[in-house]
Amino acid sequence: MSLVNSHNEWDPLEEVIIGTVDGSMFPGWNTINVATVPPGMWVEMENRFGGGGSPYPKEIVDVARKELEDFVHILESEGVKVRRVDKCNYAASFSTPDWGVSSGFCAANPRDPFLVIGNEIIETPMADRNRYFETWAYRSLFKEYFKGGAKWTAAPKPQLLDALYDADYTVPMPDGLMRYIVTEFEPVFDAADFVRCGRDIFCQESNVTNQFGITWLQRHLGDEYRIHTLKNRSPEAIHIDTTFMPLAPGKVLVNPEYLDIDQLPDILKSWELLIAPEPPALSDPLCGVSEWAGVNVLMLDEERVIVEKKQEPLIKALKEWGFKPIPCAFEHYYPFLGSFHCATLDIRRRGELQSYF
């Protein structure tokens with residue numbers, strides 16, 4: 001087996017890259033925030049975390065790091081090899097010939113910039129300017145994996161010109177249709193807008209993923225894979241792993257607020273839809289993530305699943321569905337915009353490419 005081998009979200013997890021909150025910078029305002037942040041909330045977040053280009057306050061980083069280490073301990077105690085990323089200078093400003101930002105962001109969420117398909121690592125063309133150089137924290141690991149036989153691909157590096165962002169974007173749109181802030185100027189997508197079920201991959205268009213990006217990925221992967229696009233009902237949509245999370249062959253966790261259950265692709269009719277229960281309120285309403293962050297679980301195999309410990313309704317439901325939940329505190333990681341699935345990139349799962357439909 002290659003050092004890199006991962007075809008779905010549930011085969012037994014053997015090796016994973018974990019994110020880090022060290023060196024995190026609160027990003028400056030960017031156009032995407034018009035769609036993804038409720039009106040007025042950004043100012044409140046700046047007051048709490050610091051203005052754009054400021055380091056996250058030490059006390060916020062420290063408690064998040066503690067919960068991350070507890071998460072790592074669980075992974076290792078369950079037999080998973082955990083790999084760490086390199087330190088990077090996210091405080092540095094940078095620019096292209098057409099735009100500049102005051103700083104980067106962080107390397108807390110490796111699921112966003114990278115998509116693992118089989119033995120291939122794909123660097124994604126992210127639409128967020130602050131995250132343009134985020135991939136550098138992972139380069140030493142990827143060199144190792146490449147030397148070990150893995151494929152290593154980068155999608156076309158986007159220009160991220162103003163033309164990529166809809167200057168007239170409003171919520172709701174005047175014609176009543178659902179659209180997102182990114183245009184079809186060039187292919188862009190975050191890997192976290194895709195989840196894998198062997199030869200079938202499910203995705204969504206969002207405020208960071210356009211149809212151009214989905215088409216690029218389908219053409220790159222070829223006829224061996226089929227990409228199915230779900231329609232998210234939230235105008236703030238960003239990342240499918242708070243909306244639609246495959247847990248095992250034939251079972252998928254579904255967010256009933258963001259998805260119209262009756263409008264899912266016909267291919268899912270043979271699968272059991274596990275409707276996520278109403279989540280408890282977030283302890284910190286300014287943490288920057290959806291209250292549905294509890295759906296962002298990590299499968300260790302077809303039964304074991306790591307869940308935020310305050311998600312008691314979801315933990316109860318998972319037990320009733322035949323899973324073995326492993327509770328772990330992780331709400332203090334939310335200000336870095338991710339939970340368990342986001343904070344990890346599964347490099348190796350013990351299994352082969354199959355079709356489940």
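These legends go with several close-up views of a predicted model.

**View 1. Strands β10, β11 and β12 make up an open sheet.**
Read across this sheet and you get the order β10-β11-β12, with mixed pairing. The edges belong to β10 (194-197) and β12 (226-230); each has a single partner strand, so one side of each is left without a neighbour in the sheet. From one strand to the next, the twist averages 25°.

**View 2. Here's the parallel pair in that sheet, with a helix packed on it.**
Five bridges link β11 (residues 200-204) to β12, and the two pair in the parallel sense. To find your way along the pair, look for Cys 203, which sits opposite Thr 229 in β12. Helix α5 (residues 211-221) packs on the sheet and touches β10, β11 and β12. The direction of α5 makes about 160° with that of β12.

**View 3. β7 and β8 fold into a hairpin.**
Strand β7 (residues 114-117) runs antiparallel to β8, and four bridges join them. Val 116 is a handy landmark, standing opposite Ile 121 in β8. Two residues lie between the strands, and Gly 118 in the turn has a positive phi of about 65°.

**View 4. Strand β8 is covered on both faces.**
In a regular strand, side chains alternate between the two faces of the sheet. For β8 (residues 120-123), one side carries Glu 120 and Ile 122, while Ile 121 and Glu 123 are on the other. All of these are buried, the two glutamates included.

**View 5. β8 also pairs with β9, by way of a helical crossover.**
This pairing with β9 (residues 151-154) is in the parallel sense, over four bridges. Glu 123 of β8 stands opposite Ala 154 in β9. To get from β8 to β9, the chain passes through helix α4 (residues 139-147), and the resulting β-α-β crossover is right-handed.

**View 6. Another open sheet is built from β13, β14 and β15.**
Its three strands come in the order β13-β14-β15, and the pairing is mixed. β13 (244-248) and β15 (272-275) are the edge strands, each pairing on one side only. The twist in this sheet averages 30° from one strand to the next. Zoom in on β13 and β14 (residues 251-254) and you'll see an antiparallel pair with four bridges. Ala 248 has Lys 251 in β14 as its bridge partner.

Key: Residues numbered from 1 in each chain as written. Predicted model: local features only at pLDDT ≥ 70, side-chain atom pairs only at ≥ 80, totals over all residues. Heavy atoms only, no water. Pairing = 2+ DSSP bridges. Axes fitted to C-alpha atoms, helices over the stretch in contact; angles between N-to-C directions. Contact = heavy atoms within 4.5 Å. Buried < 20%, exposed > 50% of the residue type's maximum accessible area, 1.4 Å probe, protein only. Right-handed = clockwise from strand over helix to strand, strands pointing away.
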